[in-house]
Amino acid sequence: MKRTTLSLIAGATALAAVTGFAALTVPEGTAAPEATKATTRLPVERVGLACPVPSSSEVAETVYTSYTPAGTDTGKTPGADKGKGNDKAEKPTALLKPATGATASDGTGKKPPAPKAPATVTTPGKPVTAEANGASVPALTGSATGALAPGWTVQQTTVVPAGGSRGLLGLTCGAPDTDFWFPAASTAKARHDYVHLTNPDDTAAVADITLYGPEGVLKSQFTEGIPVPAHSTVPVLLSTLTHEAAQRDVTVHVTTRSGRVGAAVGVADDKLGSDWLSASADPSGSVVLPGIPADATSVRLVVFAPGQDDADLKVKLSTANGAIVPAGAGTLHVKSGMTTSIDLPDLTRGSAASLFLGPENAKRPVPVVAALQVVRGKGEKSEIAFIPAAGPISARATVADNRAKASTLSLTAPDADAQVKITASAGSGAGTPVSKTVTVRAGTTTALTDLVPQGLKGSYALTVEPVSGGKVHAARTLAVPQDGVPMFTVQTLTDDRGTVEVPSARQDLGVLD
């Protein structure tokens with residue numbers, strides 16, 4: 001009797017569902033036995049990202065920083081990198097390119113120029129940068145494959161020194177998806193908020209946008225069936241979608257009927273500057289908003305409950321010394337389907353902090369999404385940024401484009417003490433990586449400003465990896481003051497999902513008599 005064992009099929013099939021790259025050929029007429037219950041983790045083999053048009057300002061200066069962390073080879077299947085039918089490994093790539101369907105944002109309708117240099121990563125562990133200036137910089141899409149795929153991240157940082165969109169705009173370019181929530185958007189007269197929909201795929205996508213104000217769904221027009229052609233970007237001005245009175249606080253829900261898009265909200269405030277609003281973490285009964293700057297002069301919390309039930313939330317402020325109840329804001333009632341907001345004056349008082357939202361009744365959690373609008377400075381010297389709710393880091397998360405004496409990494413552990421390993425990468429110009437292990441006590445927020453590569457030239461990446469203990473949430477603040485304006489931007493760290501859990505692969509292709 002002849003028997004062929006092919007339990008590797010189960011692992012390859014699961015990996016293909018996640019990455020689209022795993023493949024295994026089964027001899028014709030051979031049945032695969034059941035997979036074993038044990039699992040292992042394999043690195044993803046392909047990831048994609050989308051970066052929206054950075055600015056419509058002629059004086060905008062944009063830097064793209066592309067980075068893949070070193071050392072993701074857990075459970076790697078021997079020969080997984082080899083091309084079918086040859087013995088040589090396929091060369092990994094990590095490259096950004098202009099969206100081919102994009103046209104210039106300056107109104108000329110011409111094809112925009114590419115960045116001066118492609119932000120192409122060739123080696124894990126070393127950031128690569130590219131510059132692109134002016135209003136005609138296009139949306140970018142790209143993918144990373146092979147050894148450069150696990151953990152690949154791209155930071156888009158733009159300085160607009162003057163004009164109506166003045167500010168420091170920072171965004172971690174996002175993976176395409178089908179569902180996004182954006183609390184803290186606005187249709188107010190002083191605000192000019194655009195939802196940027198970028199399609200990195202070869203087929204067209206169709207998107208819907210729903211707006212929710214303090215009284216519920218806003219009557220909207222032109223919000224259903226928005227076509228987003230392949231390799232193109234579509235900016236949508238929120239205030240043009242509704243005839244209802246301007247709303248200071250709006251929650252935006254973006255979904256797709258077909259295909260996938262990258263989505264982000266570009267915010268420009270006539271008095272407070274501009275920045276990007278990234279999507280909130282998925283709706284959850286408990287929410288963490290990490291990394292409120294120590295010198296914040298204004299903090300506004302915006303919350304939305306997308307389900308059928310109202311949410312009654314406890315609000316806690318996590319400081320360096322522990323969690324406290326903010327004065328006059330210990331609880332918050334959020335009506336279902338309505339955007340709720342509250343100002344939190346004098347919140348941080350000189351100490352970097354985070355905000356925890358949890359159910360008043362632990363046995364009856366109601367999922368919510370949330371974001372913070374944060375202001376530094378006063379009067380004409382004010383600057384705005386946003387902090388969306390962030391999920392915990394389960395395995396690893398990275399933020400790129402950190403700069404000496406300009407970056408603050410905030411870590412918070414809402415439930416239990418936690419240890420994390422933090423690595424500052426080599427610099428984009430030069431520098432030796434350094435790492436340290438940090439303990440974050442339960443209920444506290446720890447701010448780090450001094451972890452910088454030795455001999456740094458250029459910018460660097462920060463990678464956070466949990467070691468033990470409770471869940472950890474993190475955010476990075478980049479502060480670049482200019483002409484007396486405390487320009488800043490905050491990016492929450494999202495788990496990079498550089499590996500995927502699959503059934504253990506037992507590869508035995510031998511034939512037994």
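**A colleague's note on the cavity, two sheets and confidence**

1. Let's start with the empty space. Searching the whole structure, which is a predicted model, turns up 1 cavity of 30 Å³ or more. Its volume comes to about 50 Å³. As general background, rolling a probe the size of a water molecule over the atoms shows where empty space is left.

2. Which residues line the largest cavity? You will find Ser407, Leu409, Ile422, Leu448, Thr449, Asp450, Leu451, Tyr460 and Leu462 there. Two elements, strand 29 (407–412) and strand 35 (460–469), give two or more residues to this lining. Sorted by class, the lining has 6 nonpolar, 2 polar and 1 charged residues.

3. Strand 29 is a good one to follow further, since it also belongs to a sheet. That sheet is open, has 4 strands in the order 33-29-36-37, and is paired in the antiparallel sense. Strand 33 (445–448) and strand 37 (488–492) stand at the edges with a single partner strand each, so one side of each has no neighbour in the sheet. From one strand to the next, the twist averages 20°.

4. Within that sheet, have a look at how strand 29 meets strand 36 (residues 473–479): the two pair antiparallel over 6 bridges. If you would like a specific pair to click on, Leu411 has Ala474 of strand 36 as its bridge partner.

5. A second sheet deserves a visit too. How many strands does the open sheet with the order 3-7-5 have? There are 3 strands, again with antiparallel pairing. Strand 3 (46–51) and strand 5 (94–98) are the edge strands, each pairing on one side only. Here the twist averages 20° from one strand to the next.

6. Strand 3 pairs with strand 7 (residues 140–145) in the antiparallel sense, over 6 bridges. A handy pair to display is Gly48 with Ser143, its bridge partner in strand 7.

7. Finally, a word on confidence. The protein has a mean pLDDT of 87, and 84% of its residues reach 70 or more. Two stretches call for caution, though. Over residues 74–87 pLDDT stays under 50, and the model has 19 contacts beyond four places in sequence for them. Residues 103–107 also stay under 50, and for these the model has 14 contacts beyond four places in sequence. Where pLDDT is low, the predicted coordinates should not be read in detail.

Notes
Residues numbered from 1 in each chain as written. Predicted model: local features only at pLDDT ≥ 70, side-chain atom pairs only at ≥ 80, totals over all residues. Heavy atoms only, no water. 1 Å grid on protein atoms, 1.4 Å probe; cavity = no way out; pocket = protein on both sides within 12 Å on 5 of 7 lines; lining within 4 Å. Points joined across faces, edges and corners; volume = space filled by probe spheres on them. Nonpolar A, V, L, I, M, F, W, Y, C, P; charged D, E, K, R; others polar. Pairing = 2+ DSSP bridges. Axes fitted to C-alpha atoms, helices over the stretch in contact; angles between N-to-C directions. pLDDT = per-residue confidence, 0-100. Contact = heavy atoms within 4.5 Å.
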